[in-house]
Amino acid sequence: MKAVAPHVHHRVSGAHALGGERHDKEALRRWFERLGRVLPTLHLTVNHIWVKGWPWHTTVFARWDATATLLNGDASYVNRGLHVFTLRWGRVYALEEFQDSQEAARGLAAQAAAGLKEAVAEPIVN
């Protein structure tokens, strides 16, 4: 969060508790906190990183795989995606996440069925 600009734009695909758009650092912080609560065993493996541009306007693409064991003991949560970062002088001004939103919604629904109601809460937006 230290490298995030105050007026960052963050977008995650999908209609679920982690989806939607945020437009400031505080909302993004709350989103990351929720991510940690609703998928506490989430493990990300970054497979490739591509960087393009100059220090005053850099685009970074990060392709990743995510896995988690859900509260019901199901270890089949697997998601794949791409983050696109827009940086200016090393600060994050935009972050977009493209993923399998149906898999995210399925995993969140399983968490809610196991008693974690925040997993199906309204998205954090501002």
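Modeller: Let me begin with a rule: a salt bridge is a side-chain nitrogen of Lys or Arg within 4 Å of a carboxyl oxygen of Asp or Glu. The model is predicted, so local features need pLDDT of at least 70 and side-chain atom pairs count only at pLDDT 80 or more, while totals for chains, interfaces and linings use all residues. Residues are numbered from 1 along each chain as its sequence is written, and side-chain values use heavy atoms, with hydrogens and water left out.

Colleague: What makes Asp74 and Arg106 a salt bridge?

Modeller: Their closest N and O atoms are 3.7 Å apart, and the limit is 4 Å, so the pair qualifies. Asp74 sits in the loop between β4 and β5 and Arg106 in helix α2, 32 residues apart, and the pair thus links distant parts of the chain.

Colleague: Why is Asp74 called partly exposed?

Modeller: Its relative accessibility is 25%. Buried means under 20% and exposed over 50%, with partly exposed in between (1.4 Å probe, protein chains only), so Asp74 falls in the middle class. Arg106, at 32%, is partly exposed as well.

Colleague: What other partner does Arg106 have, and how far away is that one along helix α2?

Modeller: Arg106 also meets Glu103 in a salt bridge, at 2.8 Å from N to O. The two are three residues apart in helix α2, which means about one helical turn between them. Glu103 has a relative accessible area of 13%, so it counts as buried.

Colleague: How do you know that Glu118 and Arg34 link distant parts of the chain?

Modeller: First, they do form a salt bridge, with the closest N and O atoms 3.1 Å apart. Glu118 lies in the segment after α2 and Arg34 in helix α1, 84 residues apart. Arg34, at 8%, is buried, whereas Glu118, at 22%, is partly exposed. By the salt-bridge rule the count comes to nine, and Arg11, Glu21 and Glu96 are linked in a network.

Colleague: Which strands are called edge strands of the sheet, and why?

Modeller: The open sheet has six strands in the order β2-β1-β6-β5-β4-β3, with mixed pairing. Strands β2 (20-22) and β3 (43-54) each pair on one side only, and that puts them at the edges. Two strands pair if DSSP finds at least two bridges between them. Helices (H or I, at least four residues) and strands (E, at least two) are DSSP runs, numbered from the N terminus.

Colleague: What makes β3 and β4 a pair?

Modeller: They share eleven bridges in the antiparallel sense, so the requirement of at least two is met. Val46 stands opposite Trp64 in β4, and a hairpin joins β3 to β4 through two residues. Strands β4 and β5 also pair over eleven bridges, antiparallel, with Ala68 opposite Tyr77 in β5. Eight bridges join β5 to β6, again antiparallel, and Thr86 has Ala94 as its bridge partner in β6.

Colleague: Why does Ile49 count as exposed?

Modeller: Ile49 is found in strand β3, and its relative accessibility is 56%, so it passes the mark for exposed, over 50%.
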